[in-house]
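User: I am new to this structure and would like a close look at one part of it. Could you walk me through the salt bridges, slowly and in plain words?

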Amino acid sequence: MIPDPASAGTSRPSELNKCSRQDEANSSGVVNNSEDESGNENRHKKGKRRKRTHKEAENVTRKKTKSLSCSVRKDNVCHRKIAHAEAVTLFDVITMGPDAIRVVIDGWAEAYAANRDASLLDLISFFIQCCGCKGVVTAEMCHIKSDSEAMDKMVDELVEDLDEVAGLQYKRFMVFPWILTVTWPTDTDSMEYPLIQPAPYGRWFYSELCDFVSVFVCQCQHSLLFDSYLINTLISLLSELSDSHIRAFRHTCTLAAIKLLSSLTDVAVNLSKAAEKSQKLQQAQRPSRQKAQVEQAEQKLKELQEKRAEIESMMDVLFKTVFLKRYRDVLPEIRSICVEELGLWMRLYGSVFLNDTYLKYMDWMSYDKVPDVRLKCVLGLQHLYGDPVVLPQLTLFTSRFKDRMISMTLDKDNEVALQTMKLLLLISKTHDDVLTADDYKPLFERVYSSQRPLAATAGELLFFRILSTDDPAAKSQHEISQEEDHEQQTFTQLKALLEFHQNAKLHNHVVYLVDSLWDCSGALLKDWPTITSLLLQDPQDPLPGTGFTGEEEAVLVEIMLASVRQASEGPVLPGRNGAKKMMSSKEKKVQVDDCTKLTQHFLTVLPHLLAKFSGRWDIVASLMRIPQYFLPDSPEAQNTQLVSRLLEEIRAVLEVHSDAAVLEVASRTFLSLCAEETTWGSMALPVRDSIVQGWVDHLKDLLTDSLMGGIFSAGEKQTGDLLVTLKKVSTFHNCHDLSSWNLFDLLLPLLPVEGSQEGAPPPVLKEVLQCLCYCVFWSLSISSEILNSRDKAVSQRLQVRLFTEASHRCLSYPDHSVRHQAFLGVCDVLSAHSYQQQVWRPTSLGPLPYTPTPKLQVALLNFVCKNVFVGPDGDHERKACRHSEEDKMEALHTERRTLAAYCKLILHGVLEMSMAADIFTFYVKYQSNFGDIIKETIHRSRLVDKLESAHTLVLSLQQLFVRLKHEQEAGGSLHIQQGVQTFSSIKELARRFALTFGDLVKFRECLVLIHRSGIDFVFRESSTLTYLSYLSILAEFSCKLLKPDKRTVLAYLQKHTSDHVADLREECWQPLLYYRSSLLAEGDDAISHGSLDLKQLGRSMHGTKSLGPQSPTEPHFGKVHRLGPSNKMTRSLEPLVKRPPPQRTLNAEACDDDDDDDDLELSAKSPNDREQQGGPHFNPLH
């Protein structure tokens, strides 16, 4: 309580004034609560504490002391205003800002001079309130001073205890000369105290508490700070509470104590500066001063040194009593506070803290498991290494700690790794000889990191250590010109960069290396005139020391291309995170300027580069990508001579090269140049048409000579020429609409006819199929203005039909590459056709519907089953080619593409959803390779038609079960054919299917459909019942049924079992009892509450004849509760024996009338009947 000075004498009881005049008298103060609640981490450890009643504690207190108490209430005052003399607590002050804190602390200091015990109690209560303690603080004067043994014994008796009878929790501890007792209710929330309140209140309170401690020390540094009574009490209080088991006390008081030490460090630094200044002044003025003045100056210097020694003593006590105990605290926030302030102490007061005694804690804390603690450690070291004055004192620490710092660049926390890399960059700039070449090697590799900030910092380190070195040979030649000097330095830097890329052998894509170096060496990478001049040098007469090898030229062109892309598109790269997604106006202006410069430069230089490197396809492929980044609005775009020369050089390259990379780049470059909004589109379009026309004419000549009477009869040379031309046409047809050349009718005769396997070789057929697929794509993508008559729509559908029929014939071709291309082409065309029908406007004439033939549908399914789900005895021809891991991954990628293409046909409605039943049967068997695709297909099929999707799941289970049953009946019990899954695997598949149903209310109709279909499947032949064991599989879905639906399904089951009541006690009926028990279970897991002995059930699961021995690796049934036949088994049979099912013709409803509104009607109609009537399969009974 901070009273008004005028009423200070009357604001306390008279007993308190009496206590202040008598040293050995007893005094006590009681302080009432703050608005926050205390935290208690050990509430669950009640049994480990010594329990005493609250009454006993009060009796002991009365024997030792006289209790004097005063209560303090928190006043609701306006923030940052103290306009009247009404008393406020110190806790209220921190809501008013630093200025109010300074005024109130001055008032508190005056009150302390008048009555130090009362003021100290106010200060103690302030820290208790900051801990969020909603309780009472009682102070008892300790009168034992001389007997040390009695003193130690009393300290040992001070406890944190719990009074369960009174519902109170209290902590007793010594703050000499008092023994404080803090009491609060046990029902307070242990996680609520001001420091951990949600933002922004928590951050605000943190800063305000730190400001209070700093201002308190600053205001008291000239007087009260050296009062041993005050500072000893404060240190004792904070040290004791920071060692508490209660989290709120420990966290808050540790922060206060550490900030107190930081404030004392500022005072010690000021005293050191004052002492140093006084000593220098004394030495300078000693000859001219009198003896009295000299003695006075020496006395002042001695006082300053004594004060500094006293402050250092306080700091040492706080460090040993708080820091040494709390830097390993279980709470990461406390450890973070300790390591952050330790770095501050080292930076401010290096003469005391900057030595190995304290630096070792920074090393230890860098291994903390919490990223924030490691981050604070690294940030503290950055400030130290950034000060050149303290660098000599860090030599030993650096040599010991550098291995840890290098390893921290791979920290799982991105910010820690980034700041560590910045620290190593700082060390590299300040200590040239600390890090060796072996140390730099792993650091340079971070330029390929997936985090762009880390990669950019590593790029800065790489540029500083390798690329920014000066060439002494260039400096010695004074006679060379400035331009040649610049070219020589650029060559030296590029040579070093190429050497690093070739020696690293970590990444094939230099675009990531360029992105890492862009921020620090953008001037070098954007120096395109110098780079191109180095590339265009005559290899016969190069400048001294400016030659590149052929491999270096290819890499340099890739670097140049990457810099062009970076300047045009920005730093956004696939697989790299952390880049800025929004550019400022200044960055946009720089980007436009760079695009203008590169367009102006490469329009002039690129034809020369293409002419020089026309014989090397890898360099040409990189060079031809540069026009894709040209700026159409550039002034140089109006120069038709430059554009024409560039186009002619690209034409010349296409006449020489037929590599897939060159053709694809050329196709995309022409697509960019032929755009309508570009100024050079009118020149590029005729050149493209001329090139394509030449290929088509040549193709017609080749086909005229090769196809004689519909039979392919070309020679080897002619076939190779035909293949090259087809590649060129197909690649350009991918990006450009070449429908005007009628390529579909031209190439269709090359495909084999029905019943004939002779014809063009497989590579030619593959390219023909690819080109025909592009033809159909462009036909389907035409606009409604072009498709304006039914004749054109019929012609379009005819084209789709001809392509699918031809591809159907190719699905049986001997070569696998042809079969795969035919499959992908059919799937893509049918998916595109279905999509066009869905998005076409109904008011306009759209594509006519086309449905693939049943034979084609079966052929597509067989292709997927034979080429995707390949067992151990699969296609030996394909498996023989899989030698390396890369080949295996490529084959897996191809199989996943095949499966995804087929699943899209089902989801787009091209194929019936029931065609996915065979695919769903492999969900568990091929979980690792294709489980994600099959699961996504199941989920998306429910968005299309959830009932039909459920019917497909049932169909897949029934197919597997029937296949297994037929295999066993055929006598194959000793050897299961491949593709026939065991009973346990089918049961596991059903369990996985059941897990895909998340929202049970949304899919309740689907689940009831599964059970009804399963019951119909088992009892459709009432005489034999050979499929009775299928009920054990069906039981996996019981746990997903709602309670009303369980009763509905149970009634439906009783309807079918009413004719077999007399036989239910036989062993072959155990699956029925098992399924029925799952429907009667109340818990979520119906199987775990079964009513059967599963060992007996395993022997009789398949009826009297077993479906085959179970493999030792097959999954077993879960543990169930066994019920004896004399009690629970008999009771489970009673409903089947005593209560026959109600006689209904179509519906079987639940027996209970109370839940009729929640039950589902079980219709006996088929899905086809349901679709004809237009109603849902199951309707809620409302």
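What follows is a walk through a few of the salt bridges, with a little background on the whole protein.

Analyst: Happy to! Please keep in mind that this is a predicted model. For some background, the protein has 1182 residues, and 51% of them are buried. Its secondary structure comes to 47 helices and seven strands. Of the contacts between residues at least 6 apart in sequence, 74% join residues at least 24 apart. The accessible surface is about 56,700 Å², with 51% of that belonging to carbon and sulfur atoms.

Now to the salt bridges. A search of the whole structure finds 33 of them. Let us begin with Lys 325 and Asp 243, whose side chains meet with an N to O distance of 3.9 Å. These two residues come from distant parts of the chain, 82 residues apart. Lys 325 sits in helix H10, which covers residues 291–326, while Asp 243 is in the loop between helix H8 (228–242) and helix H9 (247–285). How open are the two partners? Lys 325 has a relative accessible area of 41%, so it counts as partly exposed. Asp 243 is partly exposed too, because its relative accessibility is 39%.

For a pair within a single helix, look at Glu 276 and Lys 280. Their closest N and O atoms are 3.4 Å apart in a salt bridge. Both lie in helix H9, and the four residues from one to the other make about one turn of the helix. Glu 276 is partly exposed, with a relative accessible area of 44%. Lys 280 has a value of 53%, so this residue counts as exposed.

Next comes the pair of Asp 515 and Arg 452, a salt bridge with its closest N and O atoms 3.0 Å apart. This pair again links distant parts of the chain: Asp 515 belongs to helix H21 (residues 510–525) and Arg 452 to helix H18 (residues 452–467), 63 residues apart. Are these partners buried or exposed? Both Asp 515 and Arg 452 are buried.

Some salt bridges also share partners. In this way Asp 243, Arg 250, Lys 325, Arg 326 and Asp 329 are joined into one network, so the pair we began with, Lys 325 and Asp 243, is part of it.

A last word on disulfides: the search of the whole structure finds zero. Cys 827, for example, is in no disulfide, and the nearest cysteine sulfur, that of Cys 903, is 9.8 Å away. With a relative accessible area of 1%, Cys 827 is buried.

Methods: Residues numbered from 1 in each chain as written. Predicted model: local features only at pLDDT ≥ 70, side-chain atom pairs only at ≥ 80, totals over all residues. Heavy atoms only, no water. Disulfide = S-S within 2.5 Å. Buried < 20%, exposed > 50% of the residue type's maximum accessible area, 1.4 Å probe, protein only. Contact = heavy atoms within 4.5 Å. Areas by Shrake-Rupley, 256 points an atom, 1.4 Å probe, with all protein chains shown as cover. Salt bridge = Lys/Arg side-chain N within 4 Å of Asp/Glu carboxyl O.
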